[in-house]
Amino acid sequence: MAADPSLGDSFIDLTIALEQLWQQVRRELSRDGVKEWLLGAPARYKKWWLHLVEHAPGHVVVETALILFIIWLIFLRKTVDPSKEDSFLSEKEIDQLVEEWQPEPLVPGPDPAWDEEDAQALVVEEVDGTRVVVNGKKMINMASFDFLGLAGRGEVKEAARAALNKYGCGSCGPRGFYGSIDVHVMAEQAMAAFLGAEEAISYSDAASSVSSTLPAFAKKGDLLIADEGVYEPIQTAINLSRAQVRYFRHNDMEDLERVLREVAEEDRRLDRNEREQRRFIVVEGLYKNFGDLCPLPALIALKRQYRYRLYLDQTFSFGCFGTAGRGLAEHFGVPLADVEVMSVSISHALGSVGGMCVGTSEVVDHQRLSGAGYCYSASAPPFTSSAAMAALALLEKEPELVTKLRENAVWLARALGKIPGLEVRSQEISPVLHVGVAKAVSDGWTREEEERVLQAIARACVDAGYAVVTSKYTLLDVEAVSKGGLLPEPSLRLAVSAVHTRAELEGAVEAIRRSAAGVLKKHAGGRKGG
Amino acid sequence: MGVRDSGNGLYSGMYFDGDRPASLYNKNVEWLRYPHFWWLYLGFVAFFVTLLRLTVLSKPEDLGRVLTVTHVVHNMVFFYLFHWIKGSPDNFSQGEFNGLTLWEQIEDGIPWTKTKKLFFLVHTALVFAASYVTDYDFSYLAINAPVYVFLGIIPKIPEMHRVRVFGWNKTAGIDDVPDDLLSSPSRPTATAAGGAAAAGKKNR
């Protein structure tokens with residue numbers, strides 16, 4: 001094969017060129033070459049610069065600016081290390097903070113309003129319907145929220161016993177980790193079917209159910225419009241949700257409308273689309289701290305008009321209102337679909353332990369991943385779900401329990417209202433009664449004074465054989481006041497049940513009347529003398 | 001929570017070592033601090049340049065156009081991802097980051113960290129390359145410079161933290177509420193029993 005002559009020539013040219021290049025490099029990198037280059041550099045640079053300034057000033061300006069910025073960024077601007085928190089405070093600032101620091105007590109001092117003796121001394125030893133044995137003494141229970149008397153019913157106890165035998169006691173795991181027992185699911189379905197809702201989700205505790213549900217839906221940036229009288233679990237839920245909250249005056253629909261109108265005006269002023277923000281109205285069905293009902297129809301009308309979602313806490317109203325005990329919606333005759341998120345409790349009227357949230361599938365399914373109490377707490381002990389199902393079946397079979405409860409509540413409220421020196425602050429039909437010292441008598445008293453008087457009345461009732469309590473508010477409730485909540489007035493809190501007999505109620509009224517008379521007389525005497 | 005001796009390797013102080021301050025917990029953005037992300041990021045840019053060079057703008061004199069296109073596209077995408085999209089896909093942060101863009105979420109908004117400086121540098125290097133290759137020609141500068149300044153630099157400076165110009169991209173309930181009202185709610189009007197509603201509500 002004859003070699004291509006041009007190829008050979010090209011090859012020779014290449015080697016010659018490389019040789020020349022090599023010689024040039026050697027020359028330039030030799031000591032003399034480098035020296036020559038360095039000496040000529042300033043002149044060359046100056047010539048280059050002037051040429052540039054003359055021909056392309058933009059080049060100079062922009063490139064200089066960029067180079068200066070890069071130098072500043074890398075060398076002059078101090079890099080902050082976010083993992084070293086101390087770098088944000090100078091030594092002096094740290095010293096100053098340390099000096100100014102005043103340690104707060106780990107446990108705040110005892111609340112003078114709490115009667116320490118009473119709070120811990122009453123230990124229930126036996127329970128038989130409304131009859132209890134407390135510290136060895138037989139009493140009639142006027143304090144427990146066993147509204148329909150279902151906690152002591154044979155069927156409920158049997159169901160609990162059977163479940164205990166079948167599943168053992170605790171479920172020992174959260175719902176997502178083999179803690180879902182079939183009775184949980186059955187209880188949820190039973191509750192949803194009973195209320196006519198799509199689905200229900202069960203939590204192991206009523207208070208944590210309330211505290212978990214609202215934060216699952218409302219986050220930072222959302223708006224909650226809450227009644228100022230909501231009780232502690234809802235206050236916790238509002239705090240946990242990090243949402244913006246506005247309070248309206250307790251049960252005052254006009255004030256609620258004022259708040260709704262203000263928000264709407266703000267929307268207009270800020271040119272804000274209302275769909276950018278999740279908005280809820282937060283109310284209880286029956287307010288635990290006040291014993292009055294939420295005016296649901298007016299509320300729903302407002303909610304529809306201003307397009308808010310409604311969160312209704314039926315912890316104390318489920319099982320106590322409505323012809324069949326379905327709660328406030330049935331009582332007022334409004335469709336359940338108007339309430340987007342509803343919490344019910346199986347710890348109160350149903351006599352078991354736990355809470356549930358009821359709503360559409362969307363609402364309930366969301367909580368299976370976002371409901372804190374559902375995801376992170378161990379699931380309810382299976383026997384509580386079985387007991388709840390049995391209680392629900394009883395309620396369905398015996399709706400007259402609700403009527404009986406209503407009768408008892410009304411009778412008791414009226415009878416207590418006749419006691420001189422006391423006044424009933426709750427609504428007649430409420431099974432949770434709040435009885436306080438009449439305004440005429442307590443005029444000029446301090447809150448602490450009123451609380452002590454009521455505690456003395458309660459103690460006297462206990463001595464007479466009727467277990468009565470005073471309402472107590474934690475420091476959290478007191479704190480909530482500074483945030484817009486309402487601290488309820490001190491009161492005796494009675495819970496009436498459907499299984500209270502007339503004789504028991506009459507006895508309770510008589511005991512309260514005598515106790516009140518005695519204590520108030522003594523107090524009046526003490527005041528005059530002291 | 002003192003200064004921790006976290007060594008001086010490339011990844012020192014990055015992985016969880018039991019003492020990490022909250023500013024580094026945001027799962028949405030903490031991955032931006034790692035060197036392997038940086039390599040991938042620069043790799044993407046290099047890949048884009050190579051792609052353009054090999055396909056559409058392959059003539060030698062097109063290098064300026066290639067780099068300009070890279071610079072502009074890079075800034076637009078970067079602006080959208082880091083300075084426009086808000087929030088975090090983390091469902092369990094209770095909406096903490098709902099009103100914050102990605103840049104504002106990085107390291108809790110602490111400015112001039114290594115991560116942020118590196119982002120500044122990449123932006124600057126891109127505009128430098130694009131302008132240098134086009135010899136600072138005015139028509140190219142007219143595109144590159146505003147894109148660099150307004151999409152690249154201005155949104156990143158700490159003075160623009162949580163600033164929403166003309167109300168663009170603001171979040172209802174977070175940006176239009178004064179900060180003190182966010183943490184303490186408004187009270188209802190006078191709650192004295194039987195009192196008529198006082199005119200207006202007082203914001204704290």
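**Buried charges and nonpolar cores**

Q: Is A:Arg246 buried or exposed?
A: In this predicted model, A:Arg246 has a relative accessible area of 3%. The cut-off for burial is under 20%. A:Arg246 is therefore buried.

Q: Which residue forms a salt bridge with A:Arg246, with the closest N and O atoms 3.2 Å apart?
A: The closest N and O atoms of the pair are 3.2 Å apart, and the limit for a salt bridge is 4 Å. The partner, at 12% relative accessibility, also counts as buried. That partner is A:Glu266.

Q: How many residues apart are A:Arg246 and A:Glu266?
A: A:Arg246 and A:Glu266 are joined by a salt bridge. A:Arg246 sits in strand β6 (residues 244-248) of chain A, and A:Glu266 in helix α11 (residues 253-270) of chain A. The pair links distant parts of the chain, 20 residues apart.

Q: Which chain B residue is in the network of salt bridges with A:Arg246 and A:Glu266?
A: The network also takes in A:Asp267, A:Arg272 and A:Arg279. Its chain B member is B:Asp176.

Q: How far apart in sequence are the two residues of the A:Arg131 and A:Glu504 salt bridge?
A: The closest N and O atoms of A:Arg131 and A:Glu504 are 3.6 Å apart. A:Arg131 lies in strand β2 (residues 131-134) of chain A, and A:Glu504 in helix α21 (residues 502-529) of chain A. In sequence they are 373 residues apart.

Q: Which member of that pair counts as buried?
A: A:Arg131 has a relative accessible area of 44% and is partly exposed. The cut-off for burial is under 20%. At 9% relative accessibility, the buried member is A:Glu504.

Q: Where does the largest nonpolar core lie?
A: This core has 125 residues, and A:Phe147, A:Met191 and A:Leu494 have the most contacts inside it. Domain 1 (117-146 + 400-529) and domain 2 (153-397) of chain A both give residues to the core. It therefore lies between domain 1 and domain 2.

Q: Which residue touches A:Phe318, A:Val344 and A:Leu392?
A: The residue is among those with the most contacts inside the largest core. Leaving aside residues up to four places away in sequence, its contacts also include A:Ala200, A:Ile346 and A:Val358. The residue is A:Met191.

Q: How many residues are in the second, separate core?
A: Chain A residues in it include A:Leu66 and A:Val80. Chain B residues in it include B:Trp38 and B:Tyr136. The size of this second core is 27 residues.

Notes
Residues numbered from 1 in each chain as written. Chains lettered and ligands numbered in written order. Predicted model: local features only at pLDDT ≥ 70, side-chain atom pairs only at ≥ 80, totals over all residues. Heavy atoms only, no water. Core = buried A, V, L, I, M, F, W, Y, C linked by side-chain atoms within 4.5 Å. Buried < 20%, exposed > 50% of the residue type's maximum accessible area, 1.4 Å probe, protein only. Domains from an automatic or database assignment. Contact = heavy atoms within 4.5 Å. Salt bridge = Lys/Arg side-chain N within 4 Å of Asp/Glu carboxyl O. Helix = DSSP H or I, 4+ residues; strand = E, 2+ residues; numbered from the N terminus.
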